[in-house]
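Trainee: Could you walk me through this structure, one question at a time? I am new to this, so please explain the terms as we go.

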Amino acid sequence: SEFIVWGEVGETYMHADNVRGEDGTLIAVDILTKKEFSDVPGRLKQIFRENEIIYKGPDIVYHPDTEFTQYAYTVELI
């Protein structure tokens, strides 16, 4: 089983010469998988790059209670 879940987690503000410019939205994007070698994280990073989406991660966490591995990204959309 594999799932992608996301949610807005914050906002960013860009300033130049003391003038507020563009506003951005921070979004948490998590992949949850039971596959040992999932191709979803690589495909997701490729989509981020192709669409010039700024991202951080993944942070990888194994959840032994559910046996899911979580790949956690934070992306910024303007």
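**Reading the fold**

Trainee: Where is the place of proline 58?

Mentor: Proline 58 is part of a strand, a DSSP run of E with at least two residues, while a helix is a run of H or I with at least four, both numbered from the N terminus. Keep in mind that this is a predicted model, in which local features need pLDDT of at least 70, side-chain atom pairs count only at pLDDT 80 or more, and totals for chains, interfaces and linings use all residues. Residues are numbered from 1 along each chain as its sequence is written, and side-chain values use heavy atoms, with hydrogens and water left out. With that numbering, the place of proline 58 is in strand β3 (residues 54–63).

Trainee: What is the omega of the peptide bond from glycine 57 to proline 58?

Mentor: Find glycine 57 first, then follow the peptide bond on to proline 58. That bond is cis, with omega near 15 degrees.

Trainee: What pattern does the protein chain follow along the sequence?

Mentor: Start with the inventory: the protein chain has one helix and four strands. Read in sequence order, they give β-β-α-β-β.

Trainee: How much of the protein chain is made up of buried residues?

Mentor: A residue is buried under 20% relative accessible area, exposed over 50% and partly exposed in between (1.4 Å probe, protein chains only). The protein chain has 78 residues, and the buried share of them is 24%.

**Inside the core**

Trainee: Which elements give two or more residues to the largest nonpolar core?

Mentor: A nonpolar core is a set of buried Ala, Val, Leu, Ile, Met, Phe, Trp, Tyr and Cys residues joined through side-chain atoms within 4.5 Å. The largest one here has nine residues: Ile27, Val29, Ile31, Val40, Leu44, Phe48, Tyr71, Tyr73 and Val75. The elements that supply two or more of them are β2 (19–33), α1 (40–50) and β4.

Trainee: Which residues is leucine 44 in contact with, leaving aside its neighbours within four places in sequence?

Mentor: Contact means heavy atoms within 4.5 Å. Leucine 44 belongs to the largest nonpolar core. Leaving those neighbours aside, leucine 44 touches Val29, Ile31 and Tyr73.

**Ring pairs**

Trainee: What is the angle between the planes of phenylalanine 48 and tyrosine 73?

Mentor: Rings of Phe, Tyr and Trp (its six-membered ring) pair if their centres lie within 6.5 Å; planes under 30 degrees apart are stacked, over 60 edge-to-face, and the rest tilted. The whole structure holds four aromatic pairs. One of them joins phenylalanine 3 and phenylalanine 68, tilted at 5.9 Å centre to centre and 55 degrees; since phenylalanine 3 lies in strand β1 (residues 2–16) and phenylalanine 68 in strand β4, the pair ties together parts 65 residues apart in sequence. Phenylalanine 48 and tyrosine 73 also pair, edge-to-face, 5.8 Å centre to centre, with an angle between the planes of 75 degrees.

Trainee: Is phenylalanine 68 buried or exposed?

Mentor: Phenylalanine 68 has the charged end of lysine 34 over its ring, 4.8 Å from the centre; a charge sits over a ring if NZ of Lys or CZ of Arg is within 6 Å of the ring centre and within 35 degrees of the ring normal. Because its relative accessibility is 16%, phenylalanine 68 counts as buried.

**Polar partners and a loop**

Trainee: Which side chain makes a polar contact with the side chain of threonine 33?

Mentor: A polar contact is a pair of N or O atoms within 3.5 Å; within protein, one must be able to donate a hydrogen and the other to accept it, and residues adjacent in sequence count only if both atoms are side-chain atoms. Threonine 33 is found in strand β2, and it counts as buried because its relative accessibility is 0%. At 3.0 Å, the partner of its side chain is that of glutamate 2.

Trainee: And which side chain does the side chain of glutamine 70 make a polar contact with?

Mentor: Glutamine 70 lies in strand β4 (residues 68–77) and is buried, with a relative accessible area of 17%. Its side chain makes a polar contact, at 3.4 Å, with the side chain of aspartate 30.

Trainee: Is glutamate 52 buried or exposed?

Mentor: Glutamate 52 lies in the loop between α1 and β3. It has a positive phi of about 55 degrees although it is not a glycine. Because its relative accessibility is 73%, glutamate 52 counts as exposed.
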